[in-house]
Amino acid sequence: MDVILLERVEKLGQIGDVVTVKNGFARNFLLPRKKALRANAANKKVFEANRANIEAENVKRRDVAAEDAKGIDGKTITLIRQASNTGQLYGSVSTRDLVEAFEADGDKVTKNQIVLDKPIKTIGLSTVRIALHPEVSVTIKVNVARSPEEAELQAQGVDVMSSMFERDEAGFTEDYDPNAEPGEIAVDAPEDETANEG
């Protein structure tokens with residue numbers, strides 16, 4: 001289906017471009033969200049008549065988004081979640097969790113502005129892109145930890161999981177016998193003396 005874009009759509013085109021998209025994408029996404037019009041003769045005339053207004057509206061929205069971006073760009077959001085000893089979360093961090101965290105900080109970000117390729121399922125630092133406008137996007141850091149202390153360590157650049165495993169391994173030492181055959185278990189006691197008598 002051919003459509004006329006009413007706003008910039010990533011990986012598709014700019015305002016006024018006539019592009020060919022799959023029917024489902026046009027019917028389910030572009031047309032209901034007023035991002036495009038069907039490319040027929042009547043709509044082309046309407047678009048050309050209103051092009052200046054559409055572009056002016058876009059500039060206004062972009063300027064507002066750029067202003068909002070200044071307060072969000074580079075921000076770090078800390079989320080405390082329960083996780084296993086291996087760092088896997090019981091559940092995951094989704095866009096809804098990030099929206100709630102922004103609201104708690106007094107920032108206004110909607111779910112469809114957060115570009116989260118896949119849910120965050122482990123503790124640690126993640127980078128998430130926020131698209132406030134098709135032409136304005138910023139990145140934030142999401143610090144997921146099991147406790148405020150752990151979040152503080154991660155914010156300082158400490159890899160909590162690797163340091164935890166190093167601490168565990170430091171307490172475990174194994175006797176090393178250079179003469180042992182592979183798969184052979186080292187015996188602490190001297191050899192059985194009855195075997196040498198015969």
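A residue counts as exposed when its relative accessible area is over 50%, and as buried when that area is under 20%. Keep those two cut-offs in mind as we walk through this predicted model.

Let's begin with the overall picture. The protein has six helices and nine strands. Of its 198 residues, 30% are buried. Its accessible surface comes to about 13500 Å², and carbon and sulfur atoms account for 49% of that. If you take the contacts between residues at least 6 apart in sequence, 52% of them join residues at least 24 apart.

A good place to put the cut-offs to use is helix H4, which spans residues 148-155. Which of its residues are buried? They are Glu150, Ala151 and Gln154. Looking down the axis of H4, you will find these buried residues within an arc of 100°, so they line one face of the helix. The general rule behind such a pattern is that an α-helix has 3.6 residues a turn, so residues three or four places apart point the same way. Turn to the other side of H4 and you meet Pro148, Glu149 and Ala155, which are exposed. Just after this helix, Gly157 takes a positive phi of about 100°.

Now for the interior. The largest nonpolar core contains 25 residues, and Val128, Ile130, Ile140 and Val142 have the most contacts inside it. Two or more residues each come from helix H2 (41-72), strand S4 (76-80), strand S5 (88-93), helix H3 (95-105), strand S8 (124-133) and strand S9 (136-145). S9 gives the largest share, five residues. To see one of the well-connected members, click on Ile130: setting aside residues up to four places away in sequence, Ile130 touches Phe102, Val109, Gln113, Ile114, Val136, Ser137, Val138 and Ile140. Another core, of eight residues, lies apart from this one, and its members include Leu5, Val21, Ala26 and Ala36.

Strand S4 is worth a closer look. It has a covered face, made of Ile77 and Leu79, and an uncovered one, made of Thr76, Thr78 and Ile80. S4 pairs with S9 in the parallel sense over five bridges, and Ile80 stands opposite Ala145 in S9.

What is Ala101 in contact with, beyond its neighbours within four places in sequence? The partners are Ile77 and Leu79, the two residues on the covered face of S4. Ala101 itself sits in helix H3. The C-alpha atoms of Ala101 and Ile77 are separated by 7.0 Å, although these residues are 24 apart along the chain. With a relative accessible area of 13%, Ala101 falls under the 20% cut-off and therefore counts as buried.

Finally, let's visit an open sheet of three strands. Its order is S2-S1-S3, and the pairing is antiparallel. Strand S2 (18-20) and strand S3 (36-38) are the edge strands, each pairing on one side only. On average, neighbouring strands of this sheet are turned by 40° against each other, with direction ignored. Strand S1, residues 2-5, pairs with S3 over three antiparallel bridges; Val3, for instance, has Arg38 in S3 as its bridge partner. Helix H2 lies across S1 and S3, and runs at about 10° to S1. H2 is also one of the elements that give two or more residues to the largest nonpolar core.

Conventions. Residues numbered from 1 in each chain as written. Predicted model: local features only at pLDDT ≥ 70, side-chain atom pairs only at ≥ 80, totals over all residues. Heavy atoms only, no water. Helix = DSSP H or I, 4+ residues; strand = E, 2+ residues; numbered from the N terminus. Buried < 20%, exposed > 50% of the residue type's maximum accessible area, 1.4 Å probe, protein only. Contact = heavy atoms within 4.5 Å. Areas by Shrake-Rupley, 256 points an atom, 1.4 Å probe, with all protein chains shown as cover. Arc of directions from axis to C-beta. Core = buried A, V, L, I, M, F, W, Y, C linked by side-chain atoms within 4.5 Å. Pairing = 2+ DSSP bridges. Axes fitted to C-alpha atoms, helices over the stretch in contact; angles between N-to-C directions.
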